[in-house]
Amino acid sequence: MDNWNTRTKLVHAGTRRSQYGELSEAIYLTQGFVYPSAEAAQARFDELGDDEFIYARYGNPTVAMFEDRIAALEEAEAAFATASGMAAVNGALFALLEAGDHIVAAKALFGSCLFIVENLLPKYGVEVTLVDGSDLSAWEAAMQPNTKVCFFETLSNPTLEAVDIIGVAAIAHKVGAKVVVDNVFATPIFQRALSLGADVVIYSATKHIDGQGRCLGGVVLGDVDFIRGPLEMYLKHTGGALSPFNAWIMLKGLETMDLRVRAQAASALTIAKALQGHNKLAKIIYPGLEGHPQHALVASQMEAGGTVISLVVNGGKDAAFRMLDALKIALISNNLGDAKSIVTHPATTTHSRLSSEQLADLGIGEGLVRFSVGLEDAGDLLADITQALNHA
Ligand SMILES: *Cc1c(COP(=O)(O)O)cnc(C)c1O
């Protein structure tokens with residue numbers, strides 16, 4: 001299996017077949033497991049074998065298939081699946097940090113990630129510094145002897161800024177800090193954060209891994225000592241487990257993820273190129289465009305520009321709303337990575353909790369529209385965006 005390529009791993013890695021030899025992965029919809037004898041129960045609690053389970057909050061065969069498949073894809077030693085992306089972020093940060101520690105995080109974080117970093121961690125005695133993630137000298141300047149974690153998203157939401165993973169890892173590892181990357185926007189298809197020096201990678205499986213808007217899920221990947229040690233200890237006792245049914249959806253999502261994500265990114269690039277210079281747009285942000293200010297960094301750590309485009313519409317919120325309301329294919333929602341194209345106005349929805357100063361600081365203007373490119377025909381999507389921009 002180690003020498004299988006991505007698509008083969010996504011279809012076959014981690015499969016556990018029962019004695020019935022089912023073709024499709026089985027859903028083990030059970031919270032508990034039965035032991036043949038009291039002695040066997042005792043033995044299982046004493047030492048859990050690879051194919052043995054006790055309770056679904058700790059592990060379940062369908063969930064284990066999902067964990068093993070994504071770990072194979074990422075070439076990670078181990079993975080722990082969670083009920084949502086936020087359970088994964090929360091689990092990783094709380095398992096790594098304790099009172100007296102310091103975390104440096106990029107300020108361009110997903111709203112709930114920012115809540116954990118800014119509001120929850122300080123309550124438990126963790127010191128926090130937020131930096132401009134794209135500026136390596138800011139990471140360097142923020143480091144302290146008690147810095148234990150550097151945390152960031154790359155690409156960031158919704159301004160699609162990249163953070164130099166190799167650069168931050170070099171700075172963090174000098175003081176023994178762990179690098180935790182939220183790799184959702186880049187996807188495991190286009191960016192292998194672990195191989196670039198990250199210690200822990202997190203996904204919201206809700207996005208590209210499901211890819212069809214059905215279930216919440218998440219996963220934390222890293223080395224065996226961390227995943228099977230403090231992370232598993234934290235998650236199994238605090239209840240962030242992924243349900244077996246949702247794990248099965250995610251397993252089936254992985255089978256087609258490479259095809260989907262590549263098709264979505266190809267459409268995103270086509271659309272971004274075609275919209276360049278459009279007179280209703282102040283700016284088009286797509287990391288796969290050569291004009292993106294970090295194009296060289298993006299090209300060095302990502303295989304493609306991703307599945308999301310951000311457009312800055314001239315005329316602020318009113319113009320952006322007119323465009324959203326005129327779209328006939330893309331749906332107004334807040335998911336991303338879905339088969340259906342989804343359009344979001346971050347300033348009034350996903351990022352409405354931020355103050356106007358924070359929004360300005362992050363470059364999230366009133367005209368900014370986030371467009372998650374789906375699996376529809378790229379020509380149809382472009383025609384739809386173009387007609388909607390006429391209303392902006
Ligand atoms: C959606 C998302 C999350 C949270 O995932 P949920 O599955 O909604 O809990 C975290 N980080 C990023 C970048 C996301 O897009």
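A residue counts as buried here when its relative accessible area is under 20%. Keep that cut-off in mind for Glu232, which has a relative accessible area of 15% and is therefore buried. Bear in mind too that this is a predicted model, so every value below is computed from predicted coordinates.

Let's stay with Glu232 for a moment. Its home is helix α9, which runs over residues 224-238. If you skip the neighbours within four places in sequence, Glu232 is in contact with Phe80, Phe226 and Ile227. Glu232 also turns up in the lining of the largest pocket, where it is one of the residues that lie nearest the centre, along with Asp50, Phe53, Glu67 and Arg228.

That takes us to the pocket itself. A general word on how such spaces are found: rolling a probe the size of a water molecule over the atoms shows where empty space is left. In this model, the largest pocket holds about 590 Å³ of space, and 28 residues line it. Which elements each supply at least two residues of that lining? They are α3 (61-74), β1 (78-82) and α9. Helix α3 gives the largest share, with five residues. Sorted by class, the lining comes out as 15 nonpolar, three polar and ten charged residues. Glu232 of α9 is thus a buried residue that lies among those nearest the pocket centre.

Now for the enclosed kind of space. The structure has one cavity of 30 Å³ or more, and the volume of the largest cavity is about 30 Å³. Its lining is made up of Asn183, Val184, Thr187, Pro188, Tyr203, Ser204, His208 and Ile209. Two elements, α8 (187-190) and β6 (200-204), give two or more residues to that lining. How does the lining divide by class? There are four nonpolar and four polar residues, and no charged ones. Compare that with the pocket, whose lining has ten charged residues.

One of the cavity-lining residues, Thr187, deserves a second look for its backbone. As a general point, most residues other than glycine have a negative phi, and most peptide bonds are trans. Thr187 has a phi near 70°, a positive value in a residue other than glycine. It sits in helix α8, and it counts as buried because its relative accessibility is 1%.

If you like backbone oddities, head next for the loop between β4 (147-153) and α7 (165-174), where Leu155 has its place. The peptide bond from Thr154 to Leu155 is cis, with omega near 5°. Pro158 is in the loop between β4 and α7 as well, and the bond leading from Asn157 to Pro158 is also cis, with omega near 0°. Then there is Leu160, again in the loop between β4 and α7. Its phi is near 55°, which is positive in a residue other than glycine. Is Leu160 buried or exposed? It counts as buried, because its relative accessibility is 0%.

For a bit of helix packing, turn to α4 (residues 85-96) and α5 (residues 111-123). In general, two packed helices are described by the angle between their axes and the distance between the axes. Here the axes come within 10 Å and cross at roughly 35°, and α4 passes α5 in a right-handed crossing. On the α4 side, the contact is made by Met86, Val89, Asn90, Leu93 and Phe94. Helix α5 answers with Ser112, Cys113, Ile116, Val117, Leu120 and Leu121. By class, that contact has nine nonpolar and two polar residues, with no charged ones.

Finally, two pairs that are far apart in sequence numbering are worth picking out on screen. Gly315 is in the loop between β9 (308-313) and α12 (316-326). At 62% relative accessible area, Gly315 is exposed, since exposed means over 50%. Its C-alpha is 7.7 Å from that of Ala392, while 77 residues separate the two in sequence. The other pair involves Asn390, which is in helix α14 (residues 378-390). Asn390 counts as exposed too, because its relative accessibility is 55%. Between Asn390 and Ala319 there are 9.9 Å in space, C-alpha to C-alpha, and the two are 71 residues apart in sequence.

Key
Residues are numbered from 1 along each chain as its sequence is written. This is a predicted model: local features need pLDDT of at least 70, side-chain atom pairs count only at pLDDT 80 or more; totals for chains, interfaces and linings use all residues. Side-chain values use heavy atoms; hydrogens and water are left out. Axes are lines fitted to C-alpha atoms, for helices over the stretch in contact, and angles run from 0 to 180 degrees between N-to-C directions. Helices (H or I, at least four residues) and strands (E, at least two) are DSSP runs, numbered from the N terminus. A crossing is left-handed if the near helix is turned anticlockwise from the far one by less than a right angle, and right-handed if clockwise. Contact means heavy atoms within 4.5 Å. Ala, Val, Leu, Ile, Met, Phe, Trp, Tyr, Cys and Pro count as nonpolar, Asp, Glu, Lys and Arg as charged, and the others, Gly among them, as polar. Buried means under 20% relative accessible area, exposed over 50%, partly exposed in between (1.4 Å probe, protein chains only). On a 1 Å grid over the protein atoms alone, a cavity is a set of points where a 1.4 Å probe fits but cannot get out, and a pocket is an open set with protein on both sides within 12 Å along at least five of seven lines; lining residues have an atom within 4 Å of a point. Grid points are joined across faces, edges and corners, and a volume is the space filled by probe spheres set on the points.
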